[in-house]
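The following paragraphs lead the reader through a predicted model. They take the helix packing before the sheets, and then turn to the ligand and to individual residues.

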Amino acid sequence: MPREKKVEEYDVVIIGGGAAGMTAGIYCGRARLKTLIIEMALVGGLATYTNEIENYPGFPEGSTGLGLMELFQQQTKKFDVKFKGTDVKSVELEGEVKIVETFRTTYKAKVVIIASGGRPRITNAENEEEFLFDKGISFCATCDAAANTDKDVLIIGSGDAAIEEGMFLTKFANKVYISIMHEDGKMDCNEIAKSEACENSKMEFIWNTVVKRFEGDNHLRTVVLENLRTGEEIPIDIDTCFEFIGYIPNTEIFKDQICLSERGYVLVNDKMETNIEGVFSAGDVNEKFLKQIATAVGDGAVAGYAAERYIAETAQYSSQILTRDHFVYVYDASCVNCQNRLREIEALEVETNGKISFSKVDVYKSKGLSNRMGVSVFPSIAVVRSGEIVDVLTDDFSRVRLESYL
Ligand SMILES: Cc1cc2nc3c(=O)[nH]c(=O)nc-3n(C[C@H](O)[C@H](O)[C@H](O)COP(=O)(O)OP(=O)(O)OC[C@H]3O[C@@H](n4cnc5c(N)ncnc54)[C@H](O)[C@@H]3O)c2cc1C
């Protein structure tokens with residue numbers, strides 16, 4: 001008989017325990033929200049793939065990816081955020097209660113933060129599947145450098161990750177071949193990495209090439225490259241092939257619910273809000289200009305803060321706005337017309353001995369609350385009757401008009 005699934009409730013469930021997810025966790029935990037991070041692989045995400053991180057502020061001597069991510073995790077745990085090591089299979093994100101399904105447990109949450117990052121892209125060349133990961137094709141120099149001491153390796157790609165990880169591999173390997181699809185001398189990495197790599201005698205560039213096929217027995221032995229100009233096949237005998245040719249976003253489980261870009265990345269606004277209320281998204285999984293730890297941290301902070309605001313505003317909406325029949329004056333405290341009309345309605349409260357009275361919502365502080373009331377013009381008066389907004393007045397705030405609702 002199938003085992004009954006456990007049900008657990010949280011304020012916030014974060015999918016993905018990389019830099020973005022953990023930063024969002026720190027903000028949510030610190031706001032005393034009951035928060036869970038679900039991570040299917042190594043806590044720390046892609047940053048743990050890299051040996052040297054020199055551009056994350058606060059570490060003038062640099063840090064290893066693993067070391068930095070361990071510090072992130074320590075700080076996240078300090079705020080009582082729970083970690084669960086499993087993968088999210090499916091989600092139901094519409095409505096006030098979000099459902100996140102794992103193999104054993106159904107999680108219910110007020111907010112879901114997507115921080116599922118991406119995974120390495122592969123070449124799709126012949127026989128590639130046979131040699132992935134421990135059979136000779138690697139995506140992580142940090143993980144596999146030592147095992148390649150005094151051996152020959154091949155790198156595919158010429159971006160920052162390819163060249164920087166290639167430089168790192170020269171400390172271990174005998175020879176580091178680099179297959180680059182561009183013309184001689186053209187690389188996708190930054191200029192500093194390029195000049196360092198060109199000066200390194202252990203590196204050998206093979207220009208104008210792509211992978212045609214992988215060959216070996218039960219382990220990769222040879223990568224056959226193809227020269228794009230001549231069609232010539234170039235067999236390279238190596239022990240490990242490292243592929244650094246970009247990433248694919250981990251968005252398959254969200255694709256029917258969340259708006260994605262053409263490339264499959266999540267589309268968000270500046271508050272990391274997705275198209276669904278109460279669902280935020282942060283880090284490399286988002287369509288954005290720069291995918292780095294510093295930007296993942298920035299996104300995570302915004303998503304965590306926005307999640308806290310969303311939960312607070314939802315509670316305020318149901319406990320203070322909808323619970324009684326009244327009028328809500330929705331205004332922008334910085335606008336002169338709103339200030340004048342505030343005086344007008346306060347005079348009305350006095351004139352009617354409180355028969356007409358108002359709650360006040362300043363949109364500067366509570367934009368989400370005004371959105372929830374369906375108010376987009378300021379000032380407005382929302383009319384609440386029997387737990388519903390029945391009207392929104394934008395112009396006529398007269399006593400006669402307001403009394404017509406009593
Ligand atoms: C080789 C390499 C070198 C790099 N060097 C640098 C550098 O020097 N400096 C720098 O700033 N950045 C660097 N980066 C980029 C940096 O690592 C990323 O920008 C950063 O890790 C993004 O963090 P993230 O939290 O958005 O995503 P990720 O780190 O990708 O984390 C996402 C996490 O979500 C998990 N996940 C996905 N789907 C699910 C699911 N269904 N259920 C549960 N968990 C799930 C994944 O397992 C993963 O751990 C490098 C990246 C690589 C690969």
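Helices H1 and H2 are roughly parallel to each other, because their axes cross at roughly 25° and angles under 35 degrees are placed in that class. H2 comprises residues 65-78, and the two axes come within 8 Å. The crossing of H1 with H2 is left-handed. On the H1 side the contact is formed by Ala19, Met22, Gly25, Ile26 and Gly29, and on the H2 side by Phe72, Gln73, Gln75 and Thr76. By class, this contact of H1 with H2 holds four nonpolar and five polar residues, and no charged ones.

H1 also packs against helix H6. Here the axes are 7 Å apart and the angle is about 35°, and the crossing of H1 and H6 is right-handed. From H1, the residues that meet H6 are Ala19, Ala20, Gly21, Thr23, Ala24, Ile26, Tyr27 and Cys28. Their counterparts in H6 are Ile293, Ala296, Val297, Asp299, Gly300, Ala301, Ala303, Gly304, Tyr305, Ala307 and Glu308. The contact of H1 with H6 divides into 13 nonpolar, four polar and two charged residues. Ala19 and Ile26 of H1 appear both in the contact with H2 and in the contact with H6.

A further helix pair is formed by H4 and H5, the latter covering residues 191-199; their axes come within 10 Å and cross at roughly 40°. That angle makes H4 oblique to H5. The crossing of H4 and H5 is left-handed. H4 contributes Asp160, Ile163, Glu164, Gly166 and Met167 to the contact, while H5 contributes Ala193, Lys194, Glu196 and Ala197. In the contact of H4 with H5 there are four nonpolar residues, one polar residue and four charged residues.

The strands may be considered next. Strand E1, residues 6-15, pairs in the parallel sense with strand E6, residues 105-114, over nine bridges. Within this pairing, Glu9 has Lys108 in E6 as its bridge partner. E1 also pairs with strand E2, residues 35-38, again in the parallel sense, through four bridges. There, Val13 has Leu36 in E2 as its bridge partner.

An open sheet of five strands follows the order E8-E15-E9-E10-E11, and its pairing is parallel. Why is one side of E8 and of E11 left without a neighbour in the sheet? Strand E8 (137-138) and strand E11 (203-206) stand at the edges and each has a single partner strand, so one side of each remains unpaired in the sheet. Strand E10, residues 175-179, runs parallel to E11 and is joined to that strand by four bridges. In this pair, Val176 stands opposite Met203 of E11.

Another open sheet consists of three strands in the order E12-E13-E14, with antiparallel pairing. Its edge strands are E12 (209-216) and E14 (233-237), each of which pairs on one side only. From one strand to the next, the twist averages 25°. Strand E13, residues 220-227, and E14 run antiparallel and are joined by five bridges. The bridge partner of Leu225 in E14 is Ile234.

Attention now turns to the ligand. Which residues come nearest among the 36 around the ligand? They are Gly16, Gly18, Gly45, Gly117 and Gly283. Helix H1 (19-30), helix H4 (160-169) and helix H6 (293-321) each supply at least two residues of the shell around the ligand. H1 and H6, which supply part of this shell, are also the pair whose axes lie 7 Å apart. By class, the shell residues divide into 18 nonpolar, 13 polar and five charged.

Two local backbone features complete the account. Phe378 and Pro379 are joined by a cis peptide bond, with omega at about 0°. Pro379 is placed in the loop between helix H8 (367-373) and strand E20 (380-385). Asn124 is not a glycine, yet has a positive phi of about 65°. This residue, Asn124, lies in the loop between strand E7 (118-120) and E8, and E8 is in turn an edge strand of the five-stranded sheet.

Technical notes. Residues are numbered from 1 along each chain as its sequence is written. This is a predicted model: local features need pLDDT of at least 70, side-chain atom pairs count only at pLDDT 80 or more; totals for chains, interfaces and linings use all residues. Two strands pair if DSSP finds at least two bridges between them. A residue is near a molecule or strand if its C-beta atom, placed from the backbone, lies within 6 Å of it. Ala, Val, Leu, Ile, Met, Phe, Trp, Tyr, Cys and Pro count as nonpolar, Asp, Glu, Lys and Arg as charged, and the others, Gly among them, as polar. Axes are lines fitted to C-alpha atoms, for helices over the stretch in contact, and angles run from 0 to 180 degrees between N-to-C directions. Angles under 35 degrees count as roughly parallel, over 145 as roughly antiparallel, 65 to 115 as roughly perpendicular and the rest as oblique. A crossing is left-handed if the near helix is turned anticlockwise from the far one by less than a right angle, and right-handed if clockwise. Two residues are in contact if their C-beta atoms, placed from the backbone, lie within 7 Å.
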